[in-house]
Amino acid sequence: MKWTSVLFFAVATLATFKNGEAEAETIKVDGADAYVVPGRVEAEAFHRFKDTDLAHAGNCGTGPVDAEVTSDPTGGNCNVGWTAPGEWLEYDIFSQTKGVFGMKVRVAGQMPDTRLHVELDGFNISNSLLMPQAGWQVWDDRVIDDVYMACGKHRLRVYIESGSVNINYMDFWLKRAL
Ligand SMILES: [Ca+2]
Ligand SMILES: [Ca+2]
């Protein structure tokens, strides 16, 4: 076996399927593919996920996580959609600075009482956020103030609590270096 094929195998995504649900984990050789913050994390370009069905809905990407080309005027290529309670998306991020960050989640939807929360390194940092109802492509921000991060690698998870919402991206900005 050539070294190139060993490397390819090492970065391949492993998916497990059980009870009609899907979870996957990307095995990484190093931290080079973590999102650098301050910066933008694209919702549809996740590292790990849980999705409640194997089918792919939408015209963007493949695999169990459903996504479509977005019409958000601020860009973002595709948005995750057709989300369901209990589903989550996870991202490896790398903070260049020890500090207090602001964060926003770019979302659109039209279902009542749709809620999600955001976890950083396993801690709920947002509490339950109520999602907008103006339309599936009428985009809005949900801002989380004062997110503390040490320099280095962190794990970000967006967890759907109820209803269904479209998610385009998450932005981080530095409020205050420490
Ligand atoms: Ca699906
Ligand atoms: Ca996006």
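**Reading a predicted model by its definitions**

Student: Over which residues does pLDDT stay under 50, and how many contacts beyond four places in sequence does the model have for them?

Tutor: For residues 1–14 the pLDDT (the predictor's confidence in each residue, from 0 to 100) stays under 50, and the model has eleven contacts for them beyond four places in sequence, a contact being two residues whose C-beta atoms, placed from the backbone, lie within 7 Å. Residues 25–31 also have a pLDDT below 50, with 15 contacts in the model beyond near neighbours in sequence. This is a predicted model, in which local features need pLDDT of at least 70 and side-chain atom pairs count only at pLDDT 80 or more, while totals for chains, interfaces and linings use all residues. Residues are numbered from 1 along each chain as its sequence is written, and chains are lettered from A and ligands numbered from 1 in the order in which they are written.

Student: What is the mean pLDDT of the protein?

Tutor: The mean is 88, and 83% of the residues reach 70 or more.

Student: Which elements make up the secondary structure of the protein?

Tutor: There are one helix and 15 strands, taken as DSSP runs numbered from the N terminus (helices H or I, at least four residues; strands E, at least two). Of the contacts between residues at least 6 apart in sequence, 71% join residues at least 24 apart.

Student: Why is Arg 48 called partly exposed?

Tutor: Arg 48, which lies in strand 5 (residues 48–51), has 16 C-beta neighbours inside 10 Å. A residue is buried if 20 or more other C-beta atoms, placed from the backbone, lie within 10 Å of its own, exposed if 12 or fewer, and partly exposed in between; 16 falls in between, so Arg 48 counts as partly exposed. In the protein of 178 residues, 28% count as buried.

Student: Why does Asp 121 count as exposed?

Tutor: Asp 121 sits in the loop between strand 10 (115–120) and strand 11 (123–124), and because it has 12 C-beta neighbours inside 10 Å, it counts as exposed. Its phi is near 55°, a positive value in a residue other than glycine.

Student: What makes Asp 146 exposed?

Tutor: Asp 146, in strand 13 (residues 135–149), counts as exposed because it has 11 C-beta neighbours inside 10 Å. The phi of Asp 146 is likewise positive, near 55°, in a residue other than glycine.

Student: How do you know that the peptide bond from Val 37 to Pro 38 is cis?

Tutor: Its omega is near 10°, and Pro 38 is placed in the loop between strand 3 (35–37) and strand 4 (39–42). Most residues other than glycine have a negative phi, and most peptide bonds are trans.
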